[in-house]
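Thanks, everyone, for making the time; I would like to walk through one structure with you, looking at its aromatic side chains and at the empty space inside.

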Amino acid sequence: MSTETAVEEHKTEEWGGADDSPLKASYGKLMMWFLIVSDSFSFAALLISYAALRMSEEWWPQPDKVFNAFPMLEGVKVPLGFVTLMTFILILSSVFVVRAVQEGHRMNKKGVIGWLFLGILGGVAFLSCQAWEWSHLIHQGLSLTSNPFGYFINEDGAKEFVSLALNENHELVSPEAGMAAVQGPTMFGNLFFVITGFHGFHVFTGVLINIIIWIQTIRGVYQRRGHYEMVEKVGLYWHFVDLVWVFVFLAFYLL
């Protein structure tokens, strides 16, 4: 049985006839698109709220000053270097999933197993990077109620960025002697942890689903069905998560 014939029979079983399938898509694909569209409204609401709150603030932490740490490079400032690596990893994992879908169209079981495994590794690597970033920022003092990335007024009367430090009483103090520092807006931490955490939850969910699909592929479930549409449906979700990160990256790390 050819791949095209198997897919057409699959659609016929779901819709009661190949000509009845909307947009010539299976029921499962349409439901995945409904999920993606509805979920996109959640991210849109969060990012719009972020933009509105940021514009209402007179001062906002500078991304290249906040996100400049890199693992195993203590004391070395690499502005946006680590988050750029995170973005590359997530995009690369999306490419791996694309290749898994392509191999599924060719009914190449081994190809699907190999490429999907690499996609899963990419997702796990991204989550590990995010865990390190969260840990580092929390160690610096960023939380839902405090923001150590503030400023002080220099001798010229201009605002100068400063990363505050936690003293023995866990209070934020300025490392500049004799300079009174102003704590950054606390909503920065709120928005950062909520939005990146919400996205991280989606990545975590995607990794779990990909693992299930990968195991099913190894067991030959989709090979016996005559199509790998499930891999394609999960791929749609993974690409959505990847696309959302582009907007999160733009909002928090570049603007």
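What you see is a predicted model, and I will begin with Phe82, which is buried, since its relative accessible area of 7% falls under the 20% cut-off. Trp132, by contrast, has a relative accessibility of 30% and so counts as partly exposed. These two residues form an aromatic pair of the edge-to-face kind, with 4.9 Å from centre to centre and 65° between the planes. Because Phe82 belongs to helix α4 and Trp132 to helix α5, the pair ties together parts that are 50 residues apart in sequence.

A second edge-to-face pair is made by Phe126 and Trp245, at 5.0 Å centre to centre and with 85° between the planes. This pair, too, links distant parts of the chain, with Phe126 in helix α5 and Trp245 in helix α8, 119 residues apart, and both residues are buried. Phe126 and Trp245 also belong to a cluster linked by ring pairs, whose members include Tyr50, Trp60, Phe67 and Tyr253. Across the structure there are 21 aromatic pairs.

Turning to the empty space, the count comes to 1 cavity of 30 Å³ or more, with a volume of about 80 Å³. Phe82 and Trp132 return here, as they are among the residues lining this cavity, together with Val66, Glu133 and His136, to name some others. Helix α5 contributes the most to the lining, with 4 residues, and by class the lining comprises 8 nonpolar, 3 polar and 1 charged residues.

Methods:
Residues numbered from 1 in each chain as written. Predicted model: local features only at pLDDT ≥ 70, side-chain atom pairs only at ≥ 80, totals over all residues. Heavy atoms only, no water. 1 Å grid on protein atoms, 1.4 Å probe; cavity = no way out; pocket = protein on both sides within 12 Å on 5 of 7 lines; lining within 4 Å. Points joined across faces, edges and corners; volume = space filled by probe spheres on them. Helix = DSSP H or I, 4+ residues; strand = E, 2+ residues; numbered from the N terminus. Nonpolar A, V, L, I, M, F, W, Y, C, P; charged D, E, K, R; others polar. Phe/Tyr/Trp six-rings, centres within 6.5 Å; stacked < 30°, edge-to-face > 60°. Buried < 20%, exposed > 50% of the residue type's maximum accessible area, 1.4 Å probe, protein only.
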